[in-house]
Amino acid sequence: MRAAAICGSELGGVKNNDPSRKVPLIMGHEFVGVRADTGQLVAVNPLVTCGTCDRCLAGQQNLCRNRALIGVHRSGGFAEEVAVPIKNIHELPTGTSILAAVLIEPLANAWHLWHLSDATPTSRIGIIGGGAIGLMTALVALHSGAQHVTLADVSEARRGTAVAAGVPTVVDYLDGEYDVIVDAVGAHETREASIRQLRPGGRALWEGLHDGDTPIDGRDLARREISVLGSFAYIDDAFAKAVQTVGLVDERWVNAVPLDDGERIFHQLMESPDAYVRTALVPSS
Ligand SMILES: [Zn+2]
Ligand SMILES: [Zn+2]
């Protein structure tokens, strides 16, 4: 292991006593290491799939009926060493920033969202939430030629990072009308906003997992022909695309801390999030 980022889903899972995030599980699904046999620097796609179910055969590996996530359903990257299936590793060019590469996993989510959005360069794209996935989605949209990208976040620190990263329009709340809205938060209010601010026939993409049941006006969806699509993780192609475009990531967004300090850092981040996009645990070599 060289670096493993602490994801908001892990902080939230521990804070909310999620039964899937309990000891003896070793968490960590956003990580980079070197192959023990070759010394090659690799990123790991944490989604382990069967390759034989109908969804795998249709190329929707993220919807595999037997899917498991490294760091959730089996031992993950907060460790000195981890065993992963060889088909899940992606070699990184020599010289790739290790800290930037821990953001390949959220970047893969962003590529998957982008492909689901069906957006064109002239689409008005709104993104709610400027955490890792929201920020990456804005950068992927811009990289793909989108001309109208607006990112909304209530956190001043996150807005500052998005502005510095080159997102052209950064606001605290979306207003006006959009063709596509990505909700990278998943709270009741953000889901509601992702529908309210859409044009008739627009598309909302729900990636965030903050809340469960959200009351939605079904008549409004029907009358305005709104599409709401869920989005989970990434297909293999999106992960490969993220590896190729790791240059979109700025390593200064990642705060490196020693793995030995992991427990303290974890509690600290659960209490008060900092201004970094990610904090990564780095084993002492
Ligand atoms: Zn994550
Ligand atoms: Zn499968």
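## Helix α4 and the sheet

Angles between a helix and a strand are taken here between their N-to-C directions, running from 0 to 180 degrees, with axes fitted to C-alpha atoms. With that in hand, look at helix α4 (residues 104-117) in this predicted model: α4 lies across β10 (178-183), β11 (198-206) and β12, and runs at about 155° to β11.

Those three strands belong to an open sheet of six strands, in the order β9-β8-β7-β10-β11-β12, with parallel pairing. β9 and β12 (227-230) stand at the edges and have a single partner strand each, so one side of each lacks a neighbour in the sheet. From one strand to the next, the twist averages 20°. At the β9 end, three bridges join β8 to β9, which run parallel; A152 has V171 in β9 as its bridge partner.

## Helix α6

Now let's turn to α6 (residues 156-164), whose buried residues are R158, T161 and A162. Viewed down the axis of α6, these fall within an arc of 100°, so they line one face of the helix. They pack against α5 (132-143), β8 (148-152) and β9 (169-171).

On the face of α6 turned away from the buried side you will find the exposed residues E156 and A164. Just after α6, G166 takes a positive phi of about 100°.

## Two domains

The domain assignment gives domain 1 (3-103 + 249-282) and domain 2 (110-230). Their centres, taken over C-alpha atoms, are separated by 25 Å.

Nine residues from domain 1 and eight residues from domain 2 make the contact. On the side of domain 1 that touches domain 2, four residues are nonpolar, three polar and two charged.

Notes. Residues numbered from 1 in each chain as written. Chains lettered and ligands numbered in written order. Predicted model: local features only at pLDDT ≥ 70, side-chain atom pairs only at ≥ 80, totals over all residues. Buried ≥ 20, exposed ≤ 12 C-beta atoms within 10 Å, placed from the backbone. Helix = DSSP H or I, 4+ residues; strand = E, 2+ residues; numbered from the N terminus. Arc of directions from axis to C-beta. Contact = placed C-beta atoms within 7 Å. Domains from an automatic or database assignment. Nonpolar A, V, L, I, M, F, W, Y, C, P; charged D, E, K, R; others polar. Pairing = 2+ DSSP bridges.
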